[in-house]
Amino acid sequence: MDTSMSAQAFSRKEKTEPLTAVDSGNDSRDVIANQAIEPGMNRTITRKFDFHIIPWLFGIWLLAFIDRSNIGNARIDGLARDLELDGTKFNIALTVFYIPYILIDVPSNWVVKYFGANYYLPGLLIAWGLVGMCTGFVKDYGGLLACRFFLGLCEGGLLGGLVLYLSMFYQRHELLFRIGMFYCAAPLSGAFGGLLATGLAQIRHNGYNRWPWIFIVEGAVTIAYGLVTIWFLPATPSNATFLTEAEREAAVHRMGLDAHGASKESKVESERFSWHWVRMAILNVNTIVLSLNYFAIITPIYSFSLFLPTIISNLGYDSVKAQLFTVPPNMAGFFAVILCTFLSDKIKGRGPIMLGCCSIAIIGYIMLLIKTTPLVHYGGTFLVAVGVVPSAPAVLGWLANNLAPHYVRATGTGLQIAVCNCAAFIATFTYLEKDKPDYTTGHSINLGMLVLSLALSTTHILYVKWENRKRENGGRDYRLDEGDEGMLGYRHPSFRYTI
């Protein structure tokens, strides 16, 4: 990097703590290693990224969740009747989606940077939009299974790719709020999707009545959005055309400072794939514990999004009212994601947010389990939404913060999402026809998963505090003598885990 960077971009008044690996003074990077980004410049860069990146990712994730979960809306608008989805056929159709979705997560993250996230992510969007449209034309159960399989294949690399993409632009303790800013589209999709499905299901044209139009119209919108998005997303900070030259240099430099010795490359595009990074990701305690934690969280999230219309309809409402009554709980989840992720970045902690959210969701499931009035049960869905939905970006951001450099984060995040999505095989069979209207088994499974998440979060907070103390006291300094310092990644003594 040019050591004569603009004085407007860098200042020696602020120092990063702890110091980065290059602070010891071994190469030309020492000239600027201690230079922090001037606060005004830092805010300008972040604000421009927020304006030029986040809205597009919000739209991508909104459409992803609508296209994934609209089968729940279609079910109560005639899909189950027309395709004769008796017994567990509907649940199997939900499960098929997750087989390719799980298998593609890690390899998809490996190629995001190779193809360029600005092309790769919208490309996935266009592909699953086509599959979504095809779902509207299926005539039998076999066709539905095929469409769900290819939908999972196309959507599989999306979430990990979005998190990885944001980690190329934002510093670690700016990241979770930005994840939250696109992830809040998930509960909004439940609200918006319910309203949209209510309107689209009124269409009857050319032999396609009600539910097919949910898939056809929503798939067409997804394709159009993907084609537009390709033209606006930057690949990396160094080629963001909406930044000035000084801002691009500062954007790259601040990511190097934020790595705290975990990466020897100043630009993410300079990093190269190595199986060494893959092994480091898989063997990291954070990857193991937070993958299991995400597994525990995603079980109630998936079952909630897929079965909320069914749960509400069994409170005694017809299909139209059931669709509309899904809107308020999902809106509560939408605002909870924004609030919790904002607070999490402010306190620079993920675990405390997880503990609070899980506790709220547990109360919600207890309300759903007790024998009481439909109004109390409906109130329980609000607490579930407010509790479980913000927990997902929190646990995603927690792991992304604690893995470095790029290919370690790519592998670990992909593995986390692959592991958590195995929960779909539980979630899609938690609410069975034979258990209606109380769904005691489904609610109990989700309650148990939240208790597990509570225990894992507590344990991991204690581990992270212990490991950080070891590093602060010099207990990991011996790693600097192991060989190439640039290959230490997150094991570098200067790197600190996020609580």
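Helix axes here are lines fitted to C-alpha atoms over the stretch in contact, and angles between them run from 0 to 180 degrees between N-to-C directions. Keep that in mind for the helix pairs on this tour of a predicted model.

**The whole chain**

Start with everything shown as a cartoon. The chain holds 20 helices and four strands. Of its 499 residues, 59% count as buried. Among contacts between residues at least 6 apart in sequence, 82% join residues at least 24 apart.

**Stop 1: H3 and H4**

Select residues 54-82, which form helix H3, and then add residues 89-115 for helix H4. The two pack at an angle of about 175 degrees, with their axes 11 Å apart. H3 is therefore roughly antiparallel to H4, since an angle over 145 degrees counts that way. Show side chains where they touch: from H3 come Arg 68, Ile 71, Gly 72 and Arg 75, and from H4 come Phe 90, Leu 94, Phe 97, Tyr 98 and Tyr 101. By class, this contact has six nonpolar, one polar and two charged residues.

Now click on Glu 84, in the loop between H3 and H4. Its phi is positive, about 55 degrees, although Glu 84 is not a glycine. Most residues other than glycine have a negative phi. Is Glu 84 buried or exposed? At 59% relative accessibility, Glu 84 counts as exposed.

**Stop 2: H3 and H8**

Keep H3 and swap H4 for helix H8, residues 172-183. The axes of H3 and H8 come within 7 Å and cross at roughly 45 degrees, so the pair is oblique. On the H3 side look for Ile 54, Leu 57, Phe 58 and Trp 61; they meet Arg 178, Met 181, Phe 182 and Tyr 183 of H8. This contact divides into seven nonpolar residues, no polar ones and one charged.

**Stop 3: Trp 61 and the core**

Stay on Trp 61. Leaving out residues up to four places away in sequence, Trp 61 touches Arg 68, Leu 158, Leu 159, Leu 162, Phe 182, Tyr 183, Ala 185 and Ala 186. The largest nonpolar core has 134 residues, and those touching the most other members are Phe 49, Trp 61, Phe 182, Tyr 183 and Tyr 294.

**Stop 4: H15 and Gly 351**

Next, select residues 327-347, helix H15. Its 21 residues reach 31 Å from first C-alpha to last, close to the expected 30 Å. Colour its buried residues, among them Phe 334, Val 337, Cys 340 and Asp 345. Lys 348, which follows H15, has a positive phi near 55 degrees.

Move on to Gly 351, in helix H16 (residues 351-369). Gly 351 is buried, at 0% relative accessible area. Which residues does Gly 351 contact, leaving aside neighbours within four places in sequence? They are Trp 398, Ile 461 and Ile 499. Draw a distance from Gly 351 to Ile 461: the two are 110 residues apart in sequence but 6.1 Å apart in space, C-alpha to C-alpha.

**Stop 5: Pro 405 and H18**

Find Pro 405 in the loop between helix H17 (374-402) and H18. The peptide bond from Ala 404 to Pro 405 is cis, with omega near 0 degrees. Then select residues 406-421, helix H18, whose end C-alpha atoms are 22 Å apart, in agreement with the expected span. Because 14 of its 16 residues are buried, H18 is largely enclosed by the rest of the structure.

**Last stop: Arg 210**

Finish at Arg 210, in the loop between strand E4 (208-209) and helix H10 (211-229). Arg 210 is a residue other than glycine with a positive phi, near 65 degrees.

Conventions. Residues are numbered from 1 along each chain as its sequence is written. This is a predicted model: local features need pLDDT of at least 70, side-chain atom pairs count only at pLDDT 80 or more; totals for chains, interfaces and linings use all residues. Side-chain values use heavy atoms; hydrogens and water are left out. A nonpolar core is a set of buried Ala, Val, Leu, Ile, Met, Phe, Trp, Tyr and Cys residues joined through side-chain atoms within 4.5 Å. Buried means under 20% relative accessible area, exposed over 50%, partly exposed in between (1.4 Å probe, protein chains only). Contact means heavy atoms within 4.5 Å. Angles under 35 degrees count as roughly parallel, over 145 as roughly antiparallel, 65 to 115 as roughly perpendicular and the rest as oblique. Ala, Val, Leu, Ile, Met, Phe, Trp, Tyr, Cys and Pro count as nonpolar, Asp, Glu, Lys and Arg as charged, and the others, Gly among them, as polar. The expected span of a helix is 1.5 Å times one less than its number of residues.
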